[in-house]
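I opened my notebook to look up a few things in this structure, and I kept the entries short. Here is what I went through, in the order I looked.

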Amino acid sequence: MEYKLNEFATDDYKMLVELSHHQIKIKGVDIVPMTQKEIADECKISYPTTNKLVSLLIEKGCLRATKTKGRYIITKKGLACIEELEKVRTIDEDVSEEKENEI
């Protein structure tokens with residue numbers, strides 16, 4: 001049975017990675033300028049699920065809401081989690097490539 005390691009990443013961390021793709025610099029700070037509705041649309045999940053996952057990421061210390069509505073900051077902890085998930089994705093690609101070379 002074949003599986004990919006990143007399939008075991010939880011939805012909140014998958015969302016965190018998606019949010020990282022939308023960061024822009026505002027006054028020298030990396031900001032995710034998206035409302036929860038926009039996040040839900042981008043991630044193709046319901047608004048209540050988005051609300052729950054955003055709250056969970058904030059609770060875990062990976063995401064911080066700003067005072068301005070619709071803006072989030074990915075924390076150092078969140079960036080470290082993304083880095084670890086990227087390592088897993090790279091391992092998946094290496095394993096897939098090795099299997100293709102065996103055939």
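**Entry 1: a pair in helix α2.** I started with K37 and D41, which sit four residues apart in helix α2 (residues 36-43), so about one helical turn separates them. This is a predicted model, so I read each distance as a value computed from it. The side chains of K37 and D41 meet in a salt bridge, at 3.0 Å from N to O. I then looked up how covered each partner is. K37 has 48% relative accessibility and counts as partly exposed. D41, with a relative accessible area of 47%, is partly exposed too. I jotted down the general idea beside the pair: side chains of opposite charge can pair when their charged atoms come close.

**Entry 2: a pair in helix α4.** Next I went to helix α4 (residues 76-102), where E84 and K87 are three residues apart and so separated by about one helical turn. A salt bridge joins the side chains of E84 and K87, with 3.1 Å from N to O. E84 is partly exposed, and I noted a relative accessible area of 43% for it. For K87 I wrote down 43% as well, again partly exposed.

**Entry 3: a pair across the chain.** How many salt bridges does the structure hold? I found four. One of them brings together the side chains of K60 and D12, at 2.5 Å from N to O. This pair links distant parts of the chain, with the two positions 48 residues apart in sequence: K60 is in the loop between α3 (47-59) and β3 (63-65), and D12 is in helix α1 (residues 11-20). Is D12 buried or exposed? I looked it up: D12 is buried, with a relative accessible area of 3%. Its partner K60 is partly exposed, at 27%.

**Entry 4: S20.** I stayed with helix α1, since S20 lies there as well. At 19% relative accessibility S20 counts as buried, because the cut-off for buried is under 20%. Which residues does S20 touch, beyond those up to four places away in sequence? I found I74 and I82.

**Entry 5: I26.** From there I moved to strand β1 (residues 24-26), which holds I26. I26 has a relative accessible area of 23%, so it goes down as partly exposed. Leaving aside its neighbours within four places in sequence, I26 is in contact with I31 and R71.

**Entry 6: the whole chain.** I finished by stepping back. I counted four helices and four strands in the chain. Read from the N terminus on, the elements run α-β-β-α-α-β-β-α. The chain has 103 residues, and 29% of them are buried; D12 and S20 are among the buried residues I had looked up. I also checked how far apart in sequence the contacting residues are. Of the contacts between residues at least 6 apart in sequence, 53% join residues at least 24 apart. Last came the surface: the accessible surface of the chain is about 7300 Å², and 54% of that belongs to carbon and sulfur atoms.

Notes:
Residues numbered from 1 in each chain as written. Predicted model: local features only at pLDDT ≥ 70, side-chain atom pairs only at ≥ 80, totals over all residues. Heavy atoms only, no water. Buried < 20%, exposed > 50% of the residue type's maximum accessible area, 1.4 Å probe, protein only. Contact = heavy atoms within 4.5 Å. Areas by Shrake-Rupley, 256 points an atom, 1.4 Å probe, with all protein chains shown as cover.
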